[in-house]
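Colleague: Please take me through this model, giving the reasoning behind each value. I shall begin with the general layout and then turn to details.

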Amino acid sequence: ICKEPSLAVLSLDTKRMLKDLLRNSFLSVGIVSGRSLKEIRKMVGIRDLLYAGNHGYEIKFKKRVWIHPDLEGSASGLKKIVP
C-alpha cells in the first residue's frame, strides 16, 4: 500500500514467491487489488494466478471472468461503488 498508486510495484522476490506458491497443487493463489482487472493483470503478469480487480468486483481465474452485476457495462456503476 502506497500513498501514490504509481509507487506500488511488485518486487521480483514477491513475484518469484507467488510463482513458487502456484506450483503447490493444494493451494489457490490470488491477488486482490483496487486497480482494474486489466491493469493488475498487466502489472503482475503471472499466468494461472487468481486476479481480483476493483476490490473484488472483477475476478479472473483460469479462463473464467466474473464481473459483479453492478459493474457490467457501466463505468458510472463502478464510480458509485469504488470512489
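Modeller: One definition is required beforehand: helices (H or I, at least four residues) and strands (E, at least two) are DSSP runs, numbered from the N terminus. Please also note that the model is predicted.

Colleague: In what order do the elements of the protein chain run from the N terminus on?

Modeller: The secondary structure comprises three helices and four strands. Read from the N terminus on, the order of these elements is α-β-α-β-β-β-α.

Colleague: What percentage of the residues of the protein chain count as buried?

Modeller: The chain exposes about 6,600 Å², and carbon and sulfur atoms supply 56% of that area. A residue counts as buried under 20% relative accessible area. Of the 83 residues, the portion that counts as buried is 23%.

Colleague: Where is His55 found, and is the residue buried or exposed?

Modeller: Most residues other than glycine have a negative phi. His55, however, has a positive phi, near 60°. The residue is found in the loop between S2 and S3. Because its relative accessibility is 52% and the threshold is over 50%, His55 counts as exposed.

Colleague: Which residue in the turn of the S3 and S4 hairpin has a positive phi?

Modeller: S3 and S4 run antiparallel and are joined by four bridges, one of which pairs Phe61 with Arg64 in S4. Two residues stand between the strands of this hairpin. The turn residue with a positive phi, of about 55°, is not a glycine; with a relative accessible area of 56% it is exposed, and it is Lys62.

Colleague: Which residues of helix H2 are buried, and why do they lie on the same side?

Modeller: An α-helix has 3.6 residues a turn, so residues three or four places apart point the same way. In H2, which spans residues 37-44, the buried residues cover an arc of only 70° around the axis, and therefore lie on the same side of H2. On the other side, Lys38 and Lys42 are exposed. The buried residues are Leu37, Ile40 and Val44.

Colleague: Against which elements do the buried residues of H2 pack?

Modeller: Contact here means heavy atoms within 4.5 Å. After H2 comes Gly45, with a positive phi near 65°. The packing partners of the buried residues of H2 are one helix and four strands, namely H1, S1 (30-32), S2 (50-53), S3 (58-61) and S4 (64-67).

Colleague: What distance separates the C-alpha atoms of Leu50 and Ser28?

Modeller: Leu50 is found in strand S2 and is partly exposed, with a relative accessible area of 26%. Leaving aside residues up to four places away in sequence, Leu50 touches Val29, Gly30, Ile31, Ile59, Lys60 and Phe61. Leu50 and Ser28 are 22 residues apart along the chain, and their C-alpha atoms are separated by 7.5 Å.

Colleague: What is the N to O distance in the salt bridge between Arg16 and Asp13?

Modeller: Both residues lie in helix H1, three residues apart, about one turn of the helix. Arg16 counts as partly exposed at 47% relative accessibility, whereas Asp13 is exposed at 55%. Their side chains meet with an N to O distance of 3.0 Å.

Colleague: How many salt bridges does the structure hold?

Modeller: Besides the pair just described, the side chains of Asp20 and Arg23 meet at 2.3 Å; Asp20 is partly exposed at 43% and Arg23 is exposed at 64%. The side chains of Glu39 and Arg35 meet at 2.7 Å, with Glu39 partly exposed at 37% and Arg35 buried at 18%. The number of salt bridges in the structure is three.

Colleague: What accessible area do Met17, Leu21 and Leu27 have together?

Modeller: Patches are made of residues with over 30% relative accessible area and no salt bridge. Met17, which lies in helix H1 (residues 12-22), counts as partly exposed at 46% relative accessibility. With Leu21 and Leu27, Met17 forms a nonpolar patch on the surface, and their accessible area together is about 250 Å².

Note on methods
Residues are numbered from 1 along each chain as its sequence is written. This is a predicted model: local features need pLDDT of at least 70, side-chain atom pairs count only at pLDDT 80 or more; totals for chains, interfaces and linings use all residues. Side-chain values use heavy atoms; hydrogens and water are left out. Patches are made of residues with over 30% relative accessible area and no salt bridge: like charges are joined within 9 Å, nonpolar side chains (Val, Leu, Ile, Met, Phe, Trp, Tyr) within 5 Å. Accessible areas come from the Shrake-Rupley method with a 1.4 Å probe; for residues, only the protein chains shown count as cover. A salt bridge is a side-chain nitrogen of Lys or Arg within 4 Å of a carboxyl oxygen of Asp or Glu. Buried means under 20% relative accessible area, exposed over 50%, partly exposed in between (1.4 Å probe, protein chains only). The arc is that of the directions from the helix axis to the C-beta atoms. Two strands pair if DSSP finds at least two bridges between them.
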